[in-house]
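Colleague: I have not looked at this one before. Can you walk me through it?

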Amino acid sequence: MNRDSFTQEEQNLIRQLGVAGLPDDIVDVICKDNIPVDERTKRSIQVKTLRRIHGRTEKRPLWLQVAAAAFLAMILVSAVVGPNRILAGINGLVRFVPGFGLEETEQIMLALAEPVKVVHGENEFEINGLLVNDEYTIAHIRANGPSPDSTLFTGTDKQGEALPYLEGEDGARYPLLSSSISYGGTAHASLVFGAIPSEYRNINIALPDASEESGVWHLGLQLTPADELTAAEDLKIASHKQGITVTAFHSLRDNQSVMTLLIQSPREYSLVREVGNTFFPQNEGREPFLQDDRGTEYTLLRKGSTTGYLSDAPYELRFDPADPSAGTFYLSIPEIRFHEYIDDVKVTLPVPDAGKTEHNQQLQLGRFSVTFTGLERVTPIRLRMYVDPGPDDGEILEMIGLNMSHSIKVNEETGRMEYIETEVEPDQNKLTFTVGNLQYAVKGPWEFEIPLN
Amino acid sequence: MTILMEKYTSPIHMLISRILAGVGTAQDTEECCSDVFVTAWEQAGRYNANRAPLKTWLLMIARYRALDRRKTLLKQSNLNAADVELETLPDGADTPELHLIHAEERSSVLHALEELKPLDKELVYRRYFLFEPVNKMAKELGLTRQAADNRLWRARKMLREHISENLKEEAADFE
């Protein structure tokens with residue numbers, strides 16, 4: 001027998017263990033040294049999967065569609081992270097958690113309802129957010145003082161007990177599980193403790209202080225049940241254009257201000273690709289613009305987009321903390337770019353032997369009507385297909401995705417497609433391909449006046 | 001679905017990478033991840049939240065898909081001699097069938113696993129949930145083959161005792 005074969009005794013154990021499915025912590029235990037998946041890979045998997053699922057949706061028997069819908073409804077109630085129009089509309093379960101953004105109440109138990117500032121000795125601590133779920137408690141704290149460094153957060157008390165720890169209102173202590181601390185000007189810590197009972201309303205975070213006799217001081221915080229936090233739908237700082245609603249929330253996170261945008265589009269299978277337009281960086285006025293009522297302009301950094309079902313997507317713009325004397329933000333978003341998946345559309349075009357020929361073949365791609373106006377063999381093995389992407393009704397079709405290698409020429413001034421090029425065989429007289437996705441920009445502007453607390 | 005992917009792509013990718021380590025490419029891992037979500041979409045009606053958390057179900061699909069792909073890749077590259085255990089698994093051990101999970105027994109197994117020391121736990125997870133060869137694990141964890149075998153033997157003994165004890169306690173509580 002091979003030494004790596006399982007004995008009968010082992011097979012019996014595997015059967016017994018099999019009733020657990022998989023242990024909840026299996027990834028943490030066996031992949032502790034693995035690097036988390038990068039955004040590019042994640043995106044690639046998502047795009048692949050969406051294409052496959054979308055391709056199958058039309059072919060699914062009714063019972064499967066019903067099952068999938070039930071499954072989706074279940075997921076929305078049990079596993080959503082981030083905003084979702086359906087969820088918010090049906091259950092009102094999405095809440096805005098300061099320091100974290102939009103969260104779904106089924107996933108959190110308690111949170112800090114608003115940021116808290118506490119002065120201790122010569123140091124000022126800002127607790128920008130604290131969230132409790134059934135697995136852990138996480139707090140984002142920023143500290144300012146004469147020497148802001150990690151000693152403001154970690155150390156030991158006079159009895160040698162490790163700090164920080166979290167203390168419940170019944171005196172139970174929850175040790176630190178992990179932390180991330182950075183400093184330089186200010187110190188910033190993300191502290192993770194174990195989960196605490198949902199009945200708690202008051203907790204203390206025990207932090208080091210060598211000047212105290214005990215070597216410790218307690219940062220007291222009051223927590224609020226998740227379902228009592230402000231509902232996303234109640235924030236009402238929204239702007240509507242072209243059927244797309246954008247809602248903006250301002251909060252502090254880490255050592256930055258964060259503007260979380262909830263983008264709701266009625267178009268199915270559309271994903272937000274970009275808020276603003278870096279596709280044409282030479283064109284001014286296409287990027288988001290933020291200033292306060294003191295006239296201070298803020299440089300905005302984008303923080304990826306998390307895609308949501310049915311086009312709802314949270315998107316973050318980060319910037320330096322607001323001028324303390326400012327009372328209002330003015331935010332303008334001139335345009336938003338989307339990626340949309342459509343049912344594959346098959347196209348067959350004649351390939352001229354040489355030179356350019358006029359052509360007039362219309363193609364319906366979702367709601368966009370595209371016309372192939374000419375075909376040109378620019379080299380013996382390269383075909384150019386001239387394209388008219390249709391009228392500009394506030395939406396510009398910038399790119400289409402073909403199932404073959406190709407390049408697209410886009411007019412840099414107008415953003416409209418001009419032609420597509422691909423390789424052909426010297427003796428080829430017909431070209432067939434499919435179009436499966438689109439990239440388009442929608443013009444706003446979406447404008448906001450956001451009071452600063 | 002995008003929400004589901006946003007939340008679970010990372011753990012699924014990590015688990016699949018682990019199972020395909022040394023056998024598959026990054027492309028295989030990506031395709032396998034995509035298979036997991038497509039399977040979840042197609043088998044949505046089979047999920048039962050009372051039996052196991054959603055994440056567990058998705059990871060079970062991921063394990064099943066990755067083991068299946070691993071087997072295929074090994075066959076293609078004629079390297080399967082070292083992995084014959086994949087052929088000798090008990091029925092159902094590498095399927096994502098949620099109906100095999102019984103809430104009480106699951107709880108008893110999970111409690112028993114919690115009693116293991118971290119290194120033993122990793123050995124048990126890799127050997128009895130992902131079916132990795134002992135030599136490979138021993139090498140990666142800096143153990144001799146003998147030490148890994150001994151640890152697994154002790155872990156099995158402890159698990160059997162704890163699972164049986166936990167089930168007895170739960171039965172007594174029920175009465």
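Modeller: We can take confidence, then the overall make-up, then some side chains. Keep in mind that this is a predicted model.

Colleague: What ipTM and pTM does the predictor give the complex?

Modeller: The ipTM is 0.78 and the pTM is 0.48.

Colleague: And what pLDDT does chain B average?

Modeller: Chain B averages 77, and 74% of the residues score at least 70. Among the elements of chain B, H5(B) has the highest mean pLDDT, at 90. The lowest mean, 79, belongs to helix H7 (residues 145–174) of chain B.

Colleague: Where in chain B is the pLDDT below 50?

Modeller: Over residues 79–94 of chain B. Beyond near neighbours in sequence, that stretch still has 42 contacts in the model. Where pLDDT is low, the predicted coordinates should not be read in detail.

Colleague: Fine. Now chain A. How many helices and strands are there?

Modeller: Chain A has 6 helices and 30 strands. It has 453 residues, of which 52% count as buried.

Colleague: What about contacts in chain A between residues at least 6 apart in sequence?

Modeller: Of those contacts, 63% join residues at least 24 apart.

Colleague: Let's do rings. How many aromatic pairs over all chains?

Modeller: The structure holds 13. One of them is A:Phe6 with B:Tyr128, a tilted pair. The centres are 6.1 Å apart, with 50 degrees between the planes.

Colleague: Where do A:Phe6 and B:Tyr128 lie?

Modeller: A:Phe6 lies in the segment before helix H1 (8–18) of chain A. B:Tyr128 is in helix H5 (residues 118–129) of chain B, so the pair joins two chains.

Colleague: Is A:Phe6 buried or exposed?

Modeller: A:Phe6 is buried, with a relative accessible area of 3%. B:Tyr128 is buried as well, at 1%. These two residues and B:Phe131 form one aromatic cluster.

Colleague: Got another pair for me?

Modeller: A:Tyr174 and A:Tyr200 pair edge-to-face. The planes are 80 degrees apart, and the centres 6.2 Å. A:Tyr174 sits in strand E10 (residues 173–184) of chain A. A:Tyr200 is in the loop between strand E11 (186–194) and strand E12 (202–208) of chain A, so the pair ties together parts that are 26 residues apart in sequence.

Colleague: Are those two buried or exposed?

Modeller: A:Tyr174 counts as buried at 17% relative accessibility. A:Tyr200 counts as buried at 4%.

Colleague: Which arginine lies over the face of A:Tyr419?

Modeller: That is A:Arg384, at 3.9 Å from the ring centre. In addition, A:Arg367 lies over the face of A:Tyr440, at 4.8 Å from the ring centre.

Colleague: Switching topic. How many disulfides over all chains?

Modeller: A search of the whole structure finds 0. Take B:Cys32: its nearest cysteine sulfur is that of B:Cys33, 6.6 Å away.

Colleague: Why is there no bond between B:Cys33 and B:Cys32?

Modeller: Because the sulfur atoms, at 6.6 Å, are too far apart for a bond. A disulfide needs them within 2.5 Å. B:Cys32 is buried, at 0% relative accessibility. B:Cys33 is buried too, at 0%.

Colleague: Last one, on helix H2 of chain B. What should its residues span?

Modeller: Helix H2 (residues 26–42) of chain B has 17 residues, which should span 24 Å at 1.5 Å a residue. The end C-alpha atoms are 24 Å apart, which agrees.

Colleague: How many residues of H2(B) are buried?

Modeller: 13 of the 17 are, so H2(B) is largely enclosed by the rest of the structure.

Conventions: Residues numbered from 1 in each chain as written. Chains lettered and ligands numbered in written order. Heavy atoms only, no water. Phe/Tyr/Trp six-rings, centres within 6.5 Å; stacked < 30°, edge-to-face > 60°. Helix = DSSP H or I, 4+ residues; strand = E, 2+ residues; numbered from the N terminus. Buried < 20%, exposed > 50% of the residue type's maximum accessible area, 1.4 Å probe, protein only. Lys NZ or Arg CZ within 6 Å of the ring centre and 35° of its normal. pLDDT = per-residue confidence, 0-100. Contact = heavy atoms within 4.5 Å. Expected span 1.5 Å × (residues − 1).
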